[in-house]
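Here is a string of short questions and answers about how the labels in a model are earned. Have a look first, then follow along.

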Amino acid sequence: ERERERDRELDRSRLLHVQCVNESLLDVVKVAHDYRCWFVTNGNVAVLSNDWRLPGHRQRWLRSVQAEFHVRFEFDPRGCFHVSLPDAVSAHLSVQRPFGDAT
């Protein structure tokens, strides 16, 4: 039972949290690029793919991965949280891994 409970827990040590300090989402995209990881935001990151404030290599990266790395979320009128996972993220999360396996 304890092992089953651990499987449902979130390993917070494996998460990187970045609070966006500006309205443009530049910080979130920078960190996602640096770590080559998914990013979660309800902001419109498509506008950044041609934004002069984002270096060219990050613009190109964003254009190439946005469909598979951008995890969107929203709150409905009742305040319930809803997330929209790209297929690649959903497939990765559906794979059962032993507890503590970082792959």
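Q: What covers the buried residues of H2 in this predicted model?
A: The cover includes S1 and H3. The residues tucked away in H2 are Leu26, Val28, Val29, Val31, Ala32 and His33.

Q: What makes a residue of H2 count as buried?
A: The cut-off is a relative accessible area under 20%. Leu26 and His33 are among the residues of H2 that fall in that class.

Q: What is unusual just after H2?
A: Arginine 36 takes a positive phi there, about 50 degrees. That is a positive value in a residue other than glycine. Arginine 36 sits in the loop between helix H2 (26-35) and S1.

Q: Which residue, 33 places from arginine 36 along the chain, has its C-alpha atom 9.1 Å away?
A: That's phenylalanine 69, a residue of helix H3.

Q: Why is phenylalanine 69 called buried?
A: Its relative accessible area is 15%. Buried means under 20%, so phenylalanine 69, at 15%, gets the label.

Q: Which residues is phenylalanine 69 in contact with, leaving aside its neighbours within four places in sequence?
A: Phenylalanine 69 contacts Arg36, Cys37, Trp38, Phe39, Trp61 and Pro86. Contact here takes heavy atoms within 4.5 Å.

Q: How do you know that glutamine 66 is buried?
A: Run the same check: glutamine 66 has a relative accessible area of 16%, and the limit is under 20%. So glutamine 66 counts as buried. Glutamine 66 is found in helix H3 too, and it touches Val45, Ala46 and Arg72, not counting residues up to four places away in sequence.

Q: And why does leucine 93 count as exposed?
A: Leucine 93 has 51% relative accessibility. Exposed means over 50%, so leucine 93 makes the cut. Leucine 93 lies in helix H4 (residues 87-94).

Q: What makes the nonpolar surface patch that leucine 93 belongs to?
A: The patch is made by Trp38, Phe75, Phe81, Val83, Leu85 and Leu93, and it covers about 590 Å². To join, nonpolar side chains must be within 5 Å, on residues with over 30% relative accessible area. Leucine 93, at 51%, passes that second test.

Q: In what order do the three strands stand in the sheet?
A: The order is S1-S2-S3, in an open sheet with mixed pairing.

Q: Why are strand S1 and strand S3 said to stand at the edges?
A: Strand S1 (39-40) and strand S3 (81-84) each have a single partner strand, so one side of each is left without a neighbour in the sheet.

Q: How do you know that S1 and strand S2 pair?
A: Pairing takes at least two bridges. S1 and strand S2 (residues 70-75) have two, in the parallel sense, so they qualify. Valine 40, found in strand S1, stands opposite valine 71 in S2. Valine 40 also touches Val71 and Phe73, not counting residues up to four places away in sequence. The C-alpha atoms of valine 40 and histidine 70 are 6.1 Å apart in space, though the two are 30 residues apart in sequence.

Q: What makes S2 and S3 a pair?
A: Four bridges join S2 to S3, against a requirement of at least two. S2 and S3 run antiparallel. One bridge puts phenylalanine 75 with phenylalanine 81 in S3. In the hairpin of S2 and S3, five residues lie between the strands, and glycine 79 takes a positive phi near 90 degrees.

Q: How do the elements run from the N terminus on?
A: They go α-α-β-α-β-β-α, with four helices and three strands in the protein.

Q: What share of the 103 residues is buried?
A: Buried residues make up 26% of them. As for the outside, the accessible surface comes to about 7900 Å², and 51% of that belongs to carbon and sulfur atoms.

Q: Which helix has the lowest mean pLDDT among the elements, and which the highest?
A: Helix H1 (residues 2-8) has the lowest, at 51, and helix H3 (residues 56-69) the highest, at 94. The protein averages a pLDDT of 79, with 69% of the residues scoring at least 70. Where pLDDT is low, the predicted coordinates should not be read in detail.

Definitions and conventions
Residues are numbered from 1 along each chain as its sequence is written. This is a predicted model: local features need pLDDT of at least 70, side-chain atom pairs count only at pLDDT 80 or more; totals for chains, interfaces and linings use all residues. Side-chain values use heavy atoms; hydrogens and water are left out. pLDDT is the predictor's confidence in each residue, from 0 to 100. Patches are made of residues with over 30% relative accessible area and no salt bridge: like charges are joined within 9 Å, nonpolar side chains (Val, Leu, Ile, Met, Phe, Trp, Tyr) within 5 Å. Accessible areas come from the Shrake-Rupley method with a 1.4 Å probe; for residues, only the protein chains shown count as cover. A salt bridge is a side-chain nitrogen of Lys or Arg within 4 Å of a carboxyl oxygen of Asp or Glu. Buried means under 20% relative accessible area, exposed over 50%, partly exposed in between (1.4 Å probe, protein chains only).
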